Amino acid sequence: MKTLSTSSPQGLWYQHAVFYELNLRAFYDSNADGHGDLPGLIQKLDYLRDLGVDCLWLMPIYPSPRHDDGYDISDYCNIDPVFGTLDDFKRLLDESHRRGMRVITDLVLNHTSEQHPWFQAARADRNSPFRDFYVWSDTGQEYQDARIIFVDTETSNWTFDPLAGQYFWHRFYKSQPDLNFDNPAVQQAMLDVAKFWLDLGIDGFRVDAPPYLFEREGTSCENLPETHSYLKKFRAFVEACNPDALLLSEANQWPEDVREYFGDGDQMHMNFHFPLMPRIFQSLALAERAPIEEILARTPELPSGCQWATFLRCHDELTLEMVTPEVRRFMWDFYAPEPRMRLNRGIRRRLAPLLENEPARIRIAHSILLTLIGSPTLYYGDEIGMGDNIWLEDRNGVRTPMQWNSGLNAGFSAAESLYAPLIADETYGYPRLNVASQEKDPHSLLNWLRGVIRTRRLHPAFGDGTLRLLPCENPAILAYLRQNSDQTLLAVNNLSADSQTFRLDLAAASLTPLLEGETIQEDGSFSLPGYGFQWYELSSNPESKVS
């Protein structure tokens, strides 16, 4: 197995960071209107600091009609009034920075809301300078090689607008017309948006859907050379504004295609490793490491200064785009047996329900997340094992209010009516499952996760070290080394529900366990309980004995 390396300089903040994706509307309501807001988030910053979060990633907080939970933006340079004001946002940045945490927010380059003034001007007048801000057609027959992304809801990437008298192009919902990046004015407008937020003090952006910026006939309209040329320009502009700012890309592509979004270290700093995520669940379902090994074999090395972002769950469905139809069917049958659990080519479920609320499975999934490669991203509420509501439409079932305590409205809000119903079933309902109860339980998921994040922080090689998978005759064992110039770390994970004994060829290395529980036997073999795991620090370099 090849060694995967970030080849990055020491000290890059995002390389060692734990990210936390936060739906602001779902987090904490400070003014009893049923929606979470910026002042409410500020009140909960100590909770996030104590969890071990280094960087908050906020889902869109801009004015929006919210046909797509804010990813349909109607004003790029303001805060949706339901969330607060620009002054509230500045205070969030100040208070986060004071606690040693950074803040990034979604920046949607590809499209706007249909209610954005640019689009309203464009559709109303063919002579408007904003007409060319969007992509139009008289026939709606162009770019037939481009796939439809939301296959559950859209039948075409073109929609006819009666007022405009033409079809407009959209890669996502028809309420989200794509911007025309062939227009230099559009390119400059998005640079201006970035500067507005960077001048306020934001620490960077999670760049939404970058593969789709340009269209060319006879192509898939994804990953085009023009896209990468613009992203280089965008990166240089951002660095000139703030050399420490981060660009975290959401290119949902195969690893070899994602590699192009890092460029020569002059495009994105980070990108999510989308195809790794479902294979973690596949490996747990099969009790074998092969799916993880296979996708890592396709994972290229990154340029200096770049890093993968890894995750178990997020605000979207668990995507199964980059698996075979046979694997997709297996994953649906295993993890989403009811049709309501499925969406597009994925699964709309939270982490705990996916893993049947089994503590050992939830914890080994986090062990892999925190030690395998890249910078881990937690999704709000997963740190307490929150449930989902599959009866809500689209992906809203994994975006329900945070469960702070067993009191009124789970401690989320004092309002009579909330933006979404609370989870109230026997297993995941807020009277039993909430932050306050878990903080009192030393063995809770929340307190366990706080502890392992502290351990990870003390061992930087989990962030910037090379990754080397270790051969093992037992297919249920996922074992690997993480190594930088200062330390060598070993993680061993049992993907099976049954206890396993196995050997690893580590020569004469001395192993110091980093977590509770002894796993090494007198004969030098390892023993792990079902879904067990352990992390070690090695006192000598076993590289010569590892292939």
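An open sheet of three strands has the order 4-6-5, and its pairing is antiparallel. At the edges of this sheet are strand 4 (136-137) and strand 5 (158-161), each of which pairs on one side only. The model described here is a predicted one, and the small sheet is a convenient place to start reading it.

Strand 5 is joined to strand 6 (residues 166-169) by four bridges in the antiparallel sense, and within this pairing F160 has Y167 of strand 6 as its bridge partner. Strands of a sheet pair through backbone hydrogen bonds, either parallel or antiparallel.

**The barrel**

The other arrangement to look for is a barrel, into which eight strands close in the order 1-2-3-7-8-9-10-14, with parallel pairing. From one strand to the next, the twist averages 25 degrees. Some of the pairings in the parallel sense are set out below, each with one pair of residues that belongs to it.

| Paired strands | Bridges | Residue pair |
|---|---|---|
| Strand 1 (residues 19-22) and strand 2 | four | L22 and L58 |
| Strand 2 and strand 3 (residues 102-108) | four | L58 and T105 |
| Strand 8 (residues 246-249) and strand 9 (residues 270-272) | two | S249 and N271 |

Strand 2 deserves a second look, since L58 stands opposite L22 and also has T105 of strand 3 as a bridge partner. How are the two faces of strand 2 (residues 55-58) covered? On one side lie C55 and W57, on the other lie L56 and L58, and all of these residues are buried. In a regular strand the side chains alternate between the two faces of the sheet. Strand 2 also takes part in a right-handed β-α-β unit, in which helix 4 (residues 86-98) and strand 3 are the other two elements.

**Helices in contact**

Helix 4 also meets helix 6 (residues 184-200): their axes come within 10 Å and cross at roughly 60 degrees, and helix 4 is therefore oblique to helix 6. On the side of helix 4 the contact is made by L86, F89, K90 and L93, while helix 6 contributes F196, W197 and L200. Sorted by class, the residues of this contact are six nonpolar, no polar and one charged.

A second pair of helices packs at another angle, for helix 9 (residues 276-286) and helix 10 (residues 290-297) lie with their axes 7 Å apart and at an angle of about 155 degrees. Because angles over 145 degrees count as roughly antiparallel, helix 9 is described as roughly antiparallel to helix 10. In this contact L276, R279, I280, Q282, S283 and L286 of helix 9 meet P291, I292 and I295 of helix 10. The contact of helix 9 with helix 10 has six nonpolar, two polar and one charged residues.

**Two residues with positive phi**

Finally, two loop residues have a positive phi although neither is a glycine. For C221, found in the loop between strand 7 (204-208) and helix 7 (225-241), phi is about 60 degrees. For N344, in the loop between strand 12 (342-343) and strand 13 (346-347), phi is about 50 degrees.

Are these two residues buried or exposed? Residues under 20% relative accessible area count as buried, so C221, at 1% relative accessibility, is buried, and N344, with a relative accessible area of 11%, is buried as well.

Terms used
Residues are numbered from 1 along each chain as its sequence is written. This is a predicted model: local features need pLDDT of at least 70, side-chain atom pairs count only at pLDDT 80 or more; totals for chains, interfaces and linings use all residues. Side-chain values use heavy atoms; hydrogens and water are left out. Axes are lines fitted to C-alpha atoms, for helices over the stretch in contact, and angles run from 0 to 180 degrees between N-to-C directions. Angles under 35 degrees count as roughly parallel, over 145 as roughly antiparallel, 65 to 115 as roughly perpendicular and the rest as oblique. Contact means heavy atoms within 4.5 Å. Ala, Val, Leu, Ile, Met, Phe, Trp, Tyr, Cys and Pro count as nonpolar, Asp, Glu, Lys and Arg as charged, and the others, Gly among them, as polar. Buried means under 20% relative accessible area, exposed over 50%, partly exposed in between (1.4 Å probe, protein chains only). Two strands pair if DSSP finds at least two bridges between them. A crossover is right-handed if, with the strands pointing away from the viewer, the path from the first strand over the helix to the second runs clockwise.
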